[in-house]
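Colleague: Got a minute to go through this model with me? I'd like to start with the strands and then hop around.

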Amino acid sequence: MFFAENDNVDSLYILALKEIVDNGRNVLGVRDETSPGCGDDYLEISPMVLRLTKPLNRVVSVRKIDIFNMVGQWLWLMRGTGKLDDIAFYNSRASYFLDDNDPELLYGSWGQRINPRGITEIIDLLSRSPSSRRAVLPVFIPSDLGYESRNLPCLISIQYFIRDNALESIVSM
């Protein structure tokens, strides 16, 4: 297990990369030809816990960021859609992830799985019951198991908590 805490996401990013390079275990890459990462072996640390103590310092600047893609992706997710036409302008690689069975829908889009209603329900739940552990946004769904797609989400879920009067989350991938 690796744990790092910092008030700056750039520092966390660098610490995480260094830990992966220095101590990561070799993992045989995915052998499913429908996966975009098929065949690429990689290094992994599991579990890895990164705690950002100042959430407003959350934009990584130590690597090249496409701000238009980032904003477009956020808008697309908040719209609750998986339609290619809604994201293609911001992300020219999006069409690569289309499946043959539906040339207009990105199957694994988080937006259509979470949608703004799910976020509203999380806010309502935590407003009513701040100590709740049930504020979970599932992304990966049971029907994803065995489904052949270039666009299955790597995100499993996001769980939210209110602790010490602050919002915390656990992201499972």
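Modeller: Sure. One definition before the strands: two strands pair if DSSP finds at least two bridges between them. Keep in mind that this is a predicted model.

Colleague: Fine. What is the bridge partner of Pro138 in β6?

Modeller: Ser157 is the partner of Pro138 there. That bridge belongs to the pairing of strand β5, residues 135–138, with β6. Four bridges join the two strands.

Colleague: Do β5 and β6 run parallel or antiparallel?

Modeller: Antiparallel. β6 and β7 also pair in the antiparallel sense, over seven bridges.

Colleague: Which residue in β7 stands opposite Ile158?

Modeller: Val171. β7 covers residues 166–172.

Colleague: And how many residues sit between β6 and β7 in the hairpin?

Modeller: Two. Asp164 is in that turn, and its phi is positive, about 50 degrees.

Colleague: Is β6 mostly covered or mostly open?

Modeller: Mostly covered. Strand β6 spans residues 157–163, and five of its seven residues are buried.

Colleague: What about Ala166 in β7, buried or partly exposed?

Modeller: Partly exposed, because its relative accessibility is 35%. Ala166 lies in strand β7. For a sense of distance, Ala166 and Ile87 are 32 Å apart, C-alpha to C-alpha, with their positions 79 residues apart in sequence.

Colleague: Switching to charges. How many salt bridges are there?

Modeller: The count comes to eight. Side chains of opposite charge can pair when their charged atoms come close. One of the eight is Lys54 with Asp7, where the closest N and O atoms are 3.9 Å apart.

Colleague: Where do Lys54 and Asp7 sit?

Modeller: Both are in loops. Lys54 is in the loop between β4 (48–52) and α2 (67–79), and Asp7 is in the loop between β1 (2–6) and α1 (9–23). The pair links distant parts of the chain, 47 residues apart.

Colleague: Why is Lys54 classed as partly exposed?

Modeller: Because its relative accessible area is 46%. Asp7 is also in the partly exposed class, at 32%.

Colleague: Which residue does Arg51 form a salt bridge with?

Modeller: Glu168, with the closest N and O atoms 3.8 Å apart. Arg51 is in strand β4 and Glu168 in strand β7, so the bridge ties together parts that lie 117 residues apart in sequence. Arg51 has a relative accessible area of 38%, so it counts as partly exposed. Glu168 is partly exposed too, at 30%.

Colleague: Which residues make up the salt-bridge network?

Modeller: Glu5, Arg51 and Glu168.

Colleague: What about Arg79, which residue does it bridge to?

Modeller: Asp86, with the closest N and O atoms 3.2 Å apart. Arg79 is exposed, at 59% relative accessible area. Asp86 is partly exposed, at 22%.

Colleague: Now Arg113. Buried or exposed?

Modeller: Buried: its relative accessible area is 16%, and the cut-off for buried is under 20%. Arg113 lies in helix α4, residues 110–128.

Colleague: Which backbone oxygens does the Arg113 side chain reach?

Modeller: That of Val139 at 2.7 Å, and that of Tyr107 at 3.4 Å.

Colleague: Which residues does Arg113 touch, not counting those up to four places away in sequence?

Modeller: Tyr107, Gly108, Pro138, Val139, Phe140, Ile141, Asp144 and Pro153. Pro138 came up earlier, as the bridge partner of Ser157.

Colleague: Last topic, the surface. Which residues make the nonpolar patch?

Modeller: Val59, Ile65, Ile67, Phe68, Met70, Val71, Trp74, Leu75 and Met78. The patch is about 850 Å².

Colleague: Where is Met70, and where is Met78?

Modeller: Met70 lies in helix α2. Met78 is found in helix α2 as well. Met70 is partly exposed, at 35% relative accessibility. Met78 is partly exposed, at 31%.

Colleague: What is Met78 in contact with, leaving aside neighbours within four places?

Modeller: Pro116 and Ile119.

Colleague: How far is Met78 from Ile156 in space?

Modeller: 18 Å, C-alpha to C-alpha. In sequence, Met78 and Ile156 are 78 residues apart.

How values were computed:
Residues are numbered from 1 along each chain as its sequence is written. This is a predicted model: local features need pLDDT of at least 70, side-chain atom pairs count only at pLDDT 80 or more; totals for chains, interfaces and linings use all residues. Side-chain values use heavy atoms; hydrogens and water are left out. Buried means under 20% relative accessible area, exposed over 50%, partly exposed in between (1.4 Å probe, protein chains only). A polar contact is a pair of N or O atoms within 3.5 Å; within protein, one must be able to donate a hydrogen and the other to accept it, and residues adjacent in sequence count only if both atoms are side-chain atoms. Contact means heavy atoms within 4.5 Å. A salt bridge is a side-chain nitrogen of Lys or Arg within 4 Å of a carboxyl oxygen of Asp or Glu. Patches are made of residues with over 30% relative accessible area and no salt bridge: like charges are joined within 9 Å, nonpolar side chains (Val, Leu, Ile, Met, Phe, Trp, Tyr) within 5 Å. Accessible areas come from the Shrake-Rupley method with a 1.4 Å probe; for residues, only the protein chains shown count as cover.
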